[in-house]
Amino acid sequence: MIGPTAEPIRAVRLTLEPLTAGHADEMTEVLAAPELYAFIGGAPPAADELRARYERLTAGPPAGRREGWLNWVIRLHEDHHLAGFVQATITPATSSASGELQAAIAWVVGAGWQGRGIATEAAQALVGWLIEHEVSAIIALIHPDHAASAAVARHAGLAPTADRADGEVVWKRPRHQDGEALGVRGHY
């Protein structure tokens with residue numbers, strides 16, 4: 001595997017807990033609302049399907065793939081329930097031969113937990129952790145009509161670009177003119 005290994009990431013109201021197959025039952029409930037799939041496609045997963053997916057994710061990428069898969073569930077401090085997940089796919093930076101790493105990140109928060117800043121806090125914590133682990137470039141792909149995810153990306157320090165991938169807007173973490181990456185404001 002390439003890059004860092006997932007570890008717990010504590011934020012003010014939540015902890016990003018490394019994903020295990022044991023999270024599948026509770027996450028099936030978190031991911032049950034059909035409206036979650038309006039922009040990302042798919043349908044709510046069954047528990048056995050989600051468990052199998054989590055087993056594949058925690059096993060990591062197939063041999064020979066130069067990437068790392070990092071996945072966390074979002075556990076709320078107030079009631080210890082899961083509320084969603086964040087993920088990062090780590091690869092060598094395409095613009096560098098110096099061993100720099102880049103991450104493509106994503107987040108999903110269950111319908112019952114949306115509108116409370118949970119996705120923003122989780123994305124900020126993830127971006128902060130990636131910065132601390134020397135990931136030099138961070139991107140997210142966001143559907144052009146998904147205003148809520150665009151707001152999360154902006155609060156996590158990413159900015160939209162003119163680039164598109166599979167019809168989605170590529171958001172990137174900007175850099176200063178001297179090449180130093182901008183920091184992320186927030187709780188992480």
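This report walks through the sheet and two of the helices in a predicted model.

## The sheet as a whole

Let's start with the big picture. Eight strands make up an open sheet, and going across it you meet them in the order E1-E2-E3-E4-E5-E6-E8-E7. The pairing is mixed. Strands of a sheet pair through backbone hydrogen bonds, either parallel or antiparallel.

Which strands stand at the edges? They are E1 (residues 9-10) and E7 (residues 159-165). Each has a single partner strand, so one side of each is left without a neighbour in the sheet.

## E4 and its two partners

Strand E4 covers residues 82-92, and eight of its eleven residues are buried, so if you count as buried anything under 20% relative accessible area, this strand is mostly covered.

On one side, E4 pairs with E3 (residues 68-76) in the antiparallel sense, over eight bridges. If you want a landmark here, look for Val-73, which stands opposite Phe-85 of E4. E3 and E4 form a hairpin, with five residues between the two strands. His-80 sits in that turn and has a positive phi of about 65 degrees.

E4 also pairs with E5 (residues 101-109), again in the antiparallel sense, this time over nine bridges. The landmark for this pair is Pro-92, found opposite Leu-101 in E5.

## E6, E8 and helix H3

Further along the sheet, E6 and E8 run antiparallel and are joined by four bridges. Take Ala-140: its bridge partner is Trp-171 in E8.

Helix H3 packs on the sheet, where it touches E1, E2 (residues 14-18), E3, E4, E5 and E6. The direction of H3 makes about 165 degrees with that of E5.

## Helix H4: one face in, one face out

Helix H4 takes in residues 147-155, and its buried residues are Ser-149, Ala-150, Val-152 and Ala-153. Why do these residues line one face of the helix? Looking down the axis of H4, you'd see the buried residues fall within an arc of 160 degrees, so they share one face. The general rule is handy here: an α-helix has 3.6 residues a turn, so residues three or four places apart point the same way.

What do the buried residues of H4 pack against? Their neighbours are E5, H3 (residues 118-132), E6 (residues 135-142) and E8 (residues 168-172). Over on the other side of H4, Ala-147 and Arg-154 are exposed. After H4 comes Gly-157, with a positive phi near 90 degrees.

Key:
Residues numbered from 1 in each chain as written. Predicted model: local features only at pLDDT ≥ 70, side-chain atom pairs only at ≥ 80, totals over all residues. Heavy atoms only, no water. Buried < 20%, exposed > 50% of the residue type's maximum accessible area, 1.4 Å probe, protein only. Pairing = 2+ DSSP bridges. Arc of directions from axis to C-beta. Contact = heavy atoms within 4.5 Å. Axes fitted to C-alpha atoms, helices over the stretch in contact; angles between N-to-C directions.
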